[in-house]
Amino acid sequence: MSHFIEVKGARANNLKSIDANIPHGMITVVTGVSGSGKSTLARNVLFDSAHALVGGGSPIGCRRIDHIERIDRVLEVDQTPIGKTPRSCPATYVGIWDDIRRIYSGTSEATLRGFAAGRFSFNTSGGRCESCEGQGIRTIEMSFLPDVKVSCDSCHGKRFDPETLSVLWRGRSIGDVLDMSIEDALEFFASHATIKHVLQLLCDVGLGYLTLGQHSPTLSGGEAQRIKLVTELAKVRTDLRKPLRSKAKHTLYVLDEPTVGLHMADVEKLIRVLHRLVAAGNTVVLVEHNLDVISEADWVIDMGPEAGIQGGRVVAA
């Protein structure tokens, strides 16, 4: 089996019916001047075609793609928000909130009161604060100014009604858990391996200062992107000491200029996450100008030589 995904005859936008090879299980960076065809190759051809082929369709923007059979999942990771409403938060997005709700529903106090896990959801009625419908904030409409969001007067931002908040685990209510920073929550849930694993990943990528219940619209693009990558890392439960060939199929991740708007320290953390994804046997393709990221690549494809009609060719690989 070939060690490369081979793109044949890519001709979308300004691409000149080019061939390009992307190595499996490595970090590939597509470079070049703006307008040289980087994003077209990575997103419009590779991502769209791989996504279509995995779903049983046909390649898009190219003649064919060979050796894609090792890929069983394709994902584009960008800086778009992880949620557009105050209901979503890091705890729900990374998938640990259901485990936390089960912990609280399993306490003796909850059992005596007949509180199931659904009681500890702020998305459904029955245990949430009905004044703010579990959002923790209320919106005040201003006639000629942007709407103002203020903390809910009834629950004071805790999202739940008094009966639900009276159920404690290790001296904390579920509303207190939402107010915890990820670093504090890591210590609080140290005895729960699944929750601890995800929280540790969030700390590893420099997001330990966020709270578990922070409203998604308040997260920056870089924070949202790292949370998405951590969600992917959390799905990797394989032993990294095993040889990569023990995992036959893997995920192809495509990122278009992921360092836009990031501080140098955040770029370093992003690179560490990408290396961990690759160490788990996945393939990462980035469109990037940042030299620090390019220097970390296993494989570089330089597009050009110029922009527009003067571009669209592979200058070097």
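A salt bridge is here a side-chain nitrogen of Lys or Arg within 4 Å of a carboxyl oxygen of Asp or Glu. In the predicted model examined here, Glu232 and Lys235 satisfy this criterion, with their closest N and O atoms 3.2 Å apart. Glu232 has a relative accessible area of 5% and is therefore buried, the limit for that class being under 20%.

The structure holds 18 salt bridges, and several of them can be described individually. Arg113 pairs with Glu109, and the closest N and O atoms of the two side chains lie 2.8 Å apart. Both residues belong to helix 4 (residues 108-113), where they are four residues apart, so about one helical turn separates them. Arg113 is partly exposed, at 38% relative accessibility, and Glu109 is likewise partly exposed, with a relative accessible area of 29%. A further salt bridge joins Glu130 to Arg128, with 3.3 Å between the closest N and O atoms. Here Glu130 is partly exposed, its relative accessible area being 44%, whereas Arg128 is buried at 11%. Arg43, Glu76 and Asp256 are connected through a network of salt bridges. Each of these three residues falls within an element of the sheet region described below: Arg43 in helix 1 (residues 38-54), Glu76 in strand 5 (71-76) and Asp256 in strand 8 (250-256).

The sheet is open and consists of six strands in the order 5-8-9-3-10-11, with mixed pairing. Its edges are formed by strand 5 (71-76) and strand 11 (313-316), each of which pairs on one side only. On average, neighbouring strands of the sheet are turned by 25° against each other, direction ignored. In general, the strands of a sheet pair through backbone hydrogen bonds, in either a parallel or an antiparallel sense.

Within this order, strand 3 (residues 27-31) runs parallel to strand 10 (residues 299-304), and four bridges join the two. Thr28 of this pair stands opposite Trp299 in strand 10. Strand 3 also pairs with strand 9, again in the parallel sense and over four bridges; Val30 stands opposite Val287 in strand 9. Strand 9 is in turn paired with strand 8 through five bridges, also in the parallel sense. In that pairing, Tyr253 has Val284 of strand 9 as its bridge partner.

Two of these strands were examined for burial. Side chains in a regular strand alternate between the two faces of the sheet. Both faces of strand 3 are covered: Ile27, Val29 and Thr31 are buried on one side, and Thr28 and Val30 are buried on the other. Five of the five residues of strand 3 are thus buried, so this strand is largely enclosed by the rest of the structure. Strand 9 is also covered on both faces, with Thr283, Val285 and Val287 buried on one side and Val284 and Leu286 buried on the other. Because five of its five residues are buried, strand 9 is largely enclosed by the rest of the structure.

Helices contact several of these strands. Helix 1 (residues 38-54) lies across strand 3, strand 5, strand 8 (250-256), strand 9 (283-287) and strand 10, and runs at about 135° to strand 5. Helix 10 (residues 264-279) packs on the sheet and touches strand 3, strand 8 and strand 9, with its direction at about 145° to that of strand 9. Strand 8, helix 10 and strand 9 together make a right-handed β-α-β unit.

Outside the sheet, Thr124 is located in the loop between helix 4 and strand 6 (137-140). Its relative accessibility of 39% places Thr124 in the partly exposed class. Thr124 and Gln214 are 90 residues apart along the chain, and their C-alpha atoms are separated by 19 Å.

Note on methods
Residues are numbered from 1 along each chain as its sequence is written. This is a predicted model: local features need pLDDT of at least 70, side-chain atom pairs count only at pLDDT 80 or more; totals for chains, interfaces and linings use all residues. Side-chain values use heavy atoms; hydrogens and water are left out. Two strands pair if DSSP finds at least two bridges between them. Axes are lines fitted to C-alpha atoms, for helices over the stretch in contact, and angles run from 0 to 180 degrees between N-to-C directions. Contact means heavy atoms within 4.5 Å. Buried means under 20% relative accessible area, exposed over 50%, partly exposed in between (1.4 Å probe, protein chains only). A crossover is right-handed if, with the strands pointing away from the viewer, the path from the first strand over the helix to the second runs clockwise.
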